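Visitor: Hello! I am new to protein structures and would love a tour of this one. Could we bring it up on the screen?

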Amino acid sequence: MKIQMVDLKSQYEKIKDEINAGIQECIDNTAFINGPAVKEFQQEFEKYLNVKHVIPCANGTDALQIAMMALDLKPGDEVICPAFTYVATAEVIGLLGLKPIMVDVDENTFNIALEGLENYITPKTKAIVPVHLYGQSAEMKKILDFAEKHNLFVIEDNAQAIGSDYIFPDGTTMKTGTIGHIGCTSFFPSKNLGCYGDGGALMTNDDDLAARIRMIANHGQQKKYYHKVLGCNSRLDTIQAAILKVKLKQLDQYSVSRNQMAAYYDENLKEVPEIQIPERVKNATHVFHQYTLKVKNGKRDELQQYLAGKDIPSMIYYPLPLYRQEAFEQYVEEGFSLPVTEKLCSEVISLPVHTEFNQQVSDYIISEIKNFFKTNN
Ligand SMILES: *Cc1c(COP(=O)(O)O)cnc(C)c1O
């Protein structure tokens, strides 16, 4: 058996009949675009998230772009985002003629760091994009307070944390992605709630924003063939919605299994002095989109090679800070650098996380990691 980063195949085996029936129904009805499953999924997802509006779209990157468009930002406006994230977060900012202001992250949580953030505020700062990296919420209370103080929109990039909870100091619990003005998520197959192709969604509790988002995602029209603003064509396919309806019912169980595998890694790897297991914050539930270790002895790349030799896949999310990417050169001064982001890019390594816990697989991965450090300490 080959170990995968994500066990989509064994996951499918368990829900095969329901998935196949859902897909077959779409084909039988030839309702490929805006078929009934899209609305059904939307409503079920709204209920699950306890949010007023879900607006499905074509992928997570589109969701972020549409969010920025809906806020009516002007060219040259500045949007704060972490430098340690997937490219999509900052890419759409630049694409719309806005300026990504890339900031550092917290060394332990991997999420946007609040300290020193004030220094980045200018009269042009209009929005902040926290990313709930690897499946655990950013410090949303502090981010909301900061945003309110400086009159900023908050767009949550929730592509990696769907299903996780954020707990406010007063005990109020909210699903990540429903806390800021707009939340964005992705249904890319390997995401925690993944479809069998591309898909995404926006979430908001604001009626006016929801109407604007819907309009923008649909060529800027509310009435067919009457276009109010320039929009885009971004829809969730009916077949993908039918698949997501089935998988949404499993999402909480998937999070339980991911946590089980993460706890098992924690328990067995916490004593290895050369690595640091991921920190769990008290005010959020982790859904372990990624289980990410920090390798402290400079041998991260060697560890990855060693594991590959043992048929154990691993991933580096992310090897290069955004501000070092050629595509982002124009947004930073030469030599710009953020210390924590730099460090994490050379230390992090993500291990397989599965939704069907398999002790044999976990034991094998753990024992090979220990073997590596026995000779490479
Ligand atoms: C996956 C991901 C996206 C983009 O999602 P797509 O559906 O692939 O466009 C955006 N942000 C983050 C943090 C992601 O992990």
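Visitor: How many nonpolar, polar and charged residues does the shell around the ligand have?

Guide: Welcome! Keep in mind that this is a predicted model. The shell counts 13 residues around the ligand. Sorted by class, they come to five nonpolar, six polar and two charged residues.

Visitor: Which helix gives the most residues to that shell?

Guide: Look at the stretch of residues 60-70, which forms a helix. Gly60 and Thr61 are among the residues that come nearest to the ligand. With three residues in the shell, the top contributor is helix α3.

Visitor: What is the distance between a polar side-chain atom of Ser186 and an oxygen atom of the ligand?

Guide: Let's go through some polar contacts, which here are pairs of N or O atoms within 3.5 Å. In the side chain of Thr61, an N or O atom is 2.5 Å from an oxygen atom of the ligand. Asp157 reaches a nitrogen atom of the ligand with a polar side-chain atom, at 2.8 Å. For Ser186 and a ligand oxygen, the distance is 2.7 Å.

Visitor: How much of the ligand's accessible area does the protein cover?

Guide: Start from the ligand on its own, with 380 Å² of accessible area. The space that the ligand takes is the largest pocket. Of the ligand's own area, the protein covers 92%.

Visitor: Let's move on to a sheet. Which strands are at the edges of the open sheet β12-β13-β14?

Guide: Strands of a sheet pair through backbone hydrogen bonds, either parallel or antiparallel. In this open sheet of three strands, the order is β12-β13-β14 and the pairing is antiparallel. An edge strand pairs on one side only, and that describes β12 (275-276) and β14 (348-351).

Visitor: Which residue in β14 is the bridge partner of Tyr291?

Guide: Tyr291 falls in the range of strand β13, residues 291-295. Strands β13 and β14 pair in the antiparallel sense over four bridges. Across in β14, the partner of Tyr291 is Leu351.

Visitor: Now the backbone in the loops. Where is Tyr318?

Guide: Tyr318 is worth a stop, since the peptide bond from Tyr317 to Tyr318 is cis, with omega near 15°. To find Tyr318, look in the loop between α9 (300-309) and α10 (339-347).

Visitor: And what is the phi of Thr30?

Guide: Thr30 sits in another loop, the one between α1 (8-29) and α2 (36-49). Although Thr30 is not a glycine, its phi is positive, at about 40°.

Key: Residues are numbered from 1 along each chain as its sequence is written. This is a predicted model: local features need pLDDT of at least 70, side-chain atom pairs count only at pLDDT 80 or more; totals for chains, interfaces and linings use all residues. Side-chain values use heavy atoms; hydrogens and water are left out. A residue is near a molecule or strand if one of its heavy atoms lies within 4 Å of it. A polar contact is a pair of N or O atoms within 3.5 Å; within protein, one must be able to donate a hydrogen and the other to accept it, and residues adjacent in sequence count only if both atoms are side-chain atoms. Accessible areas come from the Shrake-Rupley method with a 1.4 Å probe; for residues, only the protein chains shown count as cover. On a 1 Å grid over the protein atoms alone, a cavity is a set of points where a 1.4 Å probe fits but cannot get out, and a pocket is an open set with protein on both sides within 12 Å along at least five of seven lines; lining residues have an atom within 4 Å of a point. A molecule sits in a cavity or pocket if more than half of its atoms lie within 2 Å of its grid points. Helices (H or I, at least four residues) and strands (E, at least two) are DSSP runs, numbered from the N terminus. Ala, Val, Leu, Ile, Met, Phe, Trp, Tyr, Cys and Pro count as nonpolar, Asp, Glu, Lys and Arg as charged, and the others, Gly among them, as polar. Two strands pair if DSSP finds at least two bridges between them.
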